Every structure is written in C-alpha cells, then in structure tokens.
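Dear colleague,

Please find the structure below, followed by a short account of what was found in it.

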Amino acid sequence: MLPTTDFLGAKITRLILGDNPFTGNSYVESWIPGEIMLDFYTANNVVKTMFEAESNGVNAIMALGDPFILRCIRQFRNEGGKMHVLFQSYPPIDLETNIRQMLKCEPIGIYHQGGTLDMMLENDEDGLVRSRLQMIKDSGVPMGLGTHVPEVVARAEAEGWGADFYACCLYNARRQKRGETSGFISGKKKTHLVFFPQDPPVMMETMRSTPKPCIAFKILAGGQRILDLPPDDVPAEVERAFKETYEGIKPGDVACIGVYQGDKNQLAENCETVRRILG
C-alpha cells in the first residue's frame, strides 16, 4: 500500500483516485476528447481501473455521486473491491435524494460539489450554501466543502460553516467562469479554461492554514501542465508536480488524480512516482 494518513477516522492513502475521466470530463480536448474517455470508460473498464488502483496500493476514490458512478461502485464492491469512497454531490439530482443514494455506498465523507457551491457564493446565495452544507452534515457522515477559490476556504473557517474537510482545486477555474453554471449541469466543454501556474501555491497555503484535512485535486491542471511537452519530458514534469504538491500541503492531506488508462497504465506510473516522493 502507498503511504497513508488518518483522514476522517479512516486510514487512507495519500494518493487517491479521481473519476473525472470516467464521466468524460476532459480538460485537454485537443489531446484526449471527452467522447474518447466516455467510449473507453464503460462500467467494466471503470471497475477494472478501480481494481488496478487497489493493486497499485491506492485505497480510496473521490467519486461523483452520479447514477453511472454509483452503479460502478456497487459492481466494484460486489466483485470484492474494498476502496474507501469520498463522494462529491452530483448537481443535476436534488441534493436530499442524492445524499440518500450516496449513503448506500457507505462513504467516509460527502462534500458539496465545488463549481456549483462557488457559483452560489458568486450569486450571493450564502444562505442556500449554508443550508445545503447542513443537509450533508445531518446525514451523519463527515461533511466537506469543495471549491476552486482559496478565499472560500478561509471564509468557511472564519465563519464556522462546520466543514469537516475541504476538497481544494489547485487551480482557480472560477476566475474565467464567474457567474456561469457549472459544466456538470451545462455540459459545456472545458476547452476555454486555462489554468495559471501562480494558482497552486495560493491554494496550498490556504490548505496549510486550516487544521481540517484537505484533498488537493487538479495536480496536473487537468493534464494541461504536460500537454505540449515532448514525451521524454513528461515523467519528470509529473514527478515535479507531485513533489510540489506534497511539499505544499499538510502531512495529513491527500492528493487526488484522475487517469485515462486507454493508452498506457497511468495509475501504475503515478503510484510509482508517489512512492519515490513519499518514501
């Protein structure tokens, strides 16, 4: 197993699996279009990837609570899979209903999906945000808050929103989408998004400022960090990104990364990189 930490009372690996590619959420459409991801990631291939993660020492997944992923997790468990699940809410489904669906998978935590939460705050719907967070907390599992904006974490801590953990995007995607509906609802492709290298240090400083455990995601800027590199330079850049992340977050924090297994075993490569960095 990879190095672990205590996260919400569970012993989970400091690298966990993300699922954006499972649902066709591509940030590098010119390289791996979302349709290619969708074609590859049938339910059986999602489950196969989850087992591959386990075999490489990863014991947790950060999963979207959408019907397809819920069914994949059920199949994974029925076939003997053991990974812990941390859910993010799925905006198109009523939150109360979605929480009931996610609870059937016995998650160790549920967090409010970041893009929609950020948009609510941009629209001054603070009361709605607080009530939705309380709805998750009332479910009895640890409640988390997802965001792309460092100031949201600082505000939630200062105002006592009650989050047990935070899911933090290292890149502030809301800078270019302020007031726009999350792509999870609109279905809009993300080709217009550009991630800026000055963002990760700011978010990581924010993560260090809270004693609550945090999940760092978009380690590679959705793949944009390695998009135009010569193939021989990619492994070193991936290692640099992981090293910067683990040096920038707390020892009790974890990193999350999605993988596309259609061309090569990215999971095995990432896990080997993390082993070298964390020892």
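A closed barrel of eight strands runs in the order 3-4-5-6-7-8-9-10, with parallel pairing. Neighbouring strands of this sheet are turned by 25 degrees against each other on average, direction ignored. Strands (E, at least two residues) and helices (H or I, at least four) are DSSP runs numbered from the N terminus, and two strands pair if DSSP finds at least two bridges between them.

This is a predicted model, in which local features need pLDDT of at least 70 and side-chain atom pairs count only at pLDDT 80 or more, while totals for chains, interfaces and linings use all residues. Residues are numbered from 1 along each chain as its sequence is written, and side-chain values use heavy atoms, leaving out hydrogens and water.

Strand 7 (residues 143-147) and strand 8 (residues 165-169) pair in the parallel sense over four bridges. In this pair, T147 stands opposite C168 in strand 8.

In helix 3 (residues 67-78), the residues I69, L70, C72, I73 and F76 are buried (under 20% relative accessible area, 1.4 Å probe, protein chains only). They cover an arc of only 160 degrees around the axis, taken from the directions from the helix axis to the C-beta atoms, which puts them on the same side of helix 3. The face turned away from that side carries R71, R74 and N78, which are exposed (over 50%). Among the elements covering the buried residues of helix 3, by contact (heavy atoms within 4.5 Å), are strand 4 (60-64) and strand 5 (84-88). Just after helix 3, G80 takes a positive phi of about 105 degrees.

Yours sincerely

Conventions. Axes are lines fitted to C-alpha atoms, for helices over the stretch in contact, and angles run from 0 to 180 degrees between N-to-C directions. The expected span of a helix is 1.5 Å times one less than its number of residues.
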